[in-house]
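Let's take a walk through this protein together, one piece at a time. Please keep the structure open beside the text and turn it as you read.

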Amino acid sequence: VDGGGQHHVDYYGMKHEVVECIDSDECFVDLNDEHAFQTSHLNDLVTESKVTFYHPDYVLQVPSRQHLINLLDLAAHLRNVSLFILVLFQLRRASVKLDYKFRDGKVTKISGPWQEAIRYVLGSSQNKEYDALFSKQFHDLDQFQDDSLDVFVDALCDVFVKYHRDRSIVPRPKQRSFLRKIIEAKECFHFSEVGSGKTKVILPLFCMAFLSSNKAVRDALARGGREKRCLVVLVPEHLVPDARAQVYRYCLSLNFRQDYRIYDDIFALLHDDVRLDEGLRRTSAYSRSLSTGQPPKKQIFVTSFNQFKKALTYDAICRKVYPNRDRVLVLVDEVDDFLDRDKLVFNICQNKANNFSRETLQRYLETARAAYLN
């Protein structure tokens, strides 16, 4: 600070706060009820939030992307480069697109340690000391890639326990058995009673397994086809905030340097940089120059059934999904809620109630009984 107790304008070699030089593409709904994207400076998105680090592991876990934006602004304000790097690692995994304005014509915008920090996160510079420091902040699931499914599920549960204060919440044997069942069973429907921890325990564990490189999980989820690279989590409307919070909390700090994405809005698929195929078109000069050029290995979308139904009415999304549908895995929570006659999407483009025939209702009831009886 200078003599007056204020932050010196040249501290760390910058005259601007670094968050003012980072842009993010944000999805919003316009006045015509259409989804669109707007580029905003991160400093314009800052709000107030609270993040708690729990003893004894002190793992960074956030319930929403907004918490990461606030933490990034705090790290820059405190001039804490280490916290800035850790938060930026997770923010990239939760963002549609981030742009970094290093220069504006002949004017240097981002310089000094901040530039080195961003280049390190993007993978365009190497630092072994940083690797040794930050790799400890991410749970390494790749070390279990050759283990059997039983061993791997137990290892996942051990990682799950580290997220909790004093490691007080441990997945029960029944929950572990149910997780193994939905991963490897050939049946599509599985019954679990109310209060069994489907959203709080089973959902984050399943997403962690999906993002892992375990061969047993990969082969089981492929269901005889190609490896699944996209997971769509569908939950009832009232459970969407909780489901998003659980996935963010447990899945953003996995596998140091693994490139994957977690989106809280299915309409992120409308963005040019969000692709399901092998190619990844980068529209930003900064992204093209500083990125490794590799597409996200895996992607998770958390949304509601109604939003998913609406998304499939967009031609731009269908053009991405249809050719890669064998790469997409859909996980549906409380499927009986979606099979309600007014919610099931037989006529996806018509605003009419679905009048089921007696034969269709009988088949639904048979399916429900079969799932209940296991």
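**A guided tour of the fold**

Start at Ser24, whose bridge partner in strand S3 is Leu98. This is a predicted model, so everything we look at together is a feature of that prediction. Ser24 is a good way into the strand pairing: strand S1, residues 22–29, runs antiparallel to S3, and the two are joined over three bridges. Helix H2, made of residues 81–93, packs on the sheet here and touches both S1 and S3. The direction of H2 makes about 135° with that of S3.

Now widen the view to the whole of that sheet. It is open, with three strands in the order S2-S1-S3 and antiparallel pairing. Strand S2 (35–41) and strand S3 (98–100) are the edge strands; each has a single partner, so one side of each has no neighbour in the sheet. From one strand to the next, the twist averages 30°.

Before leaving this part of the chain, pause at Asn43. You will find Asn43 in the loop between S2 and helix H1 (65–77). Its relative accessibility is 30%, and Asn43 therefore counts as partly exposed, the class between buried (under 20%) and exposed (over 50%). If neighbours within four places in sequence are left aside, Asn43 is in contact with Val19 and Glu20. You can also look from Asn43 across to Ile69: these residues are 26 apart in sequence, while their C-alpha atoms are 8.4 Å apart in space.

Let's step back for a moment to the chain as a whole. The protein chain holds 14 helices and nine strands. Of its 374 residues, 46% are buried. Among contacts between residues at least 6 apart in sequence, 71% join residues that are at least 24 apart.

Next come the helices, and a word on how to describe them is handy. Two packed helices are described by the angle between their axes and the distance between the axes. Take helix H5 (residues 149–161) and helix H6 (residues 173–184): their axes come within 10 Å and cross at roughly 125°. That angle makes H5 oblique to H6. The crossing of H5 and H6 is right-handed. On the H5 side, the contact is made by Leu149, Asp150, Val153, Asp154 and Cys157, and on the H6 side by Arg176, Leu179, Arg180, Ile183 and Glu184. Sorted by class, the contact of H5 with H6 has five nonpolar and five charged residues, and no polar ones.

H6 has another packing partner to visit, helix H7 (residues 198–211). The axes of H6 and H7 come within 10 Å and cross at roughly 50°. H6 and H7 are therefore oblique to each other, and their crossing is right-handed. Here Gln175, Phe178, Leu179, Ile182 and Ile183 of H6 meet Val201, Ile202, Leu205, Phe206 and Ala209 of H7. What classes do the residues of the contact of H6 with H7 divide into? Nine are nonpolar, one is polar and none is charged. Leu179 and Ile183 of H6 are worth finding on screen, as they are listed both in the contact with H5 and in the contact with H7.

Our last stop is another sheet. It is open as well, with four strands in the order S7-S8-S6-S9 and parallel pairing. Strand S7 (260–263) and S9 stand at its edges, each with a single partner strand, so one side of each is left without a neighbour in the sheet. Direction ignored, neighbouring strands are turned by 15° against each other on average. Helix H9, residues 240–251, packs on this sheet and touches S6, S7 and S8, and its direction makes about 160° with that of S8.

Finish with strand S6 (residues 230–235). How many of the six residues of S6 are buried? Six of the six are, so S6 is largely enclosed by the rest of the structure. Cys230, Val232 and Leu234 point one way from the strand, while Leu231, Val233 and Val235 point the other way. S6 pairs in the parallel sense with strand S8 (residues 298–304) over six bridges, and with strand S9 (residues 328–332), also parallel, over five. Val233 lets you see both pairings: it stands opposite Val302 in S8 and opposite Leu331 in S9.

Key:
Residues numbered from 1 in each chain as written. Predicted model: local features only at pLDDT ≥ 70, side-chain atom pairs only at ≥ 80, totals over all residues. Heavy atoms only, no water. Axes fitted to C-alpha atoms, helices over the stretch in contact; angles between N-to-C directions. Parallel < 35°, antiparallel > 145°, perpendicular 65-115°, else oblique. Left-handed = near helix turned anticlockwise from the far one by under 90°. Contact = heavy atoms within 4.5 Å. Nonpolar A, V, L, I, M, F, W, Y, C, P; charged D, E, K, R; others polar. Pairing = 2+ DSSP bridges. Buried < 20%, exposed > 50% of the residue type's maximum accessible area, 1.4 Å probe, protein only.
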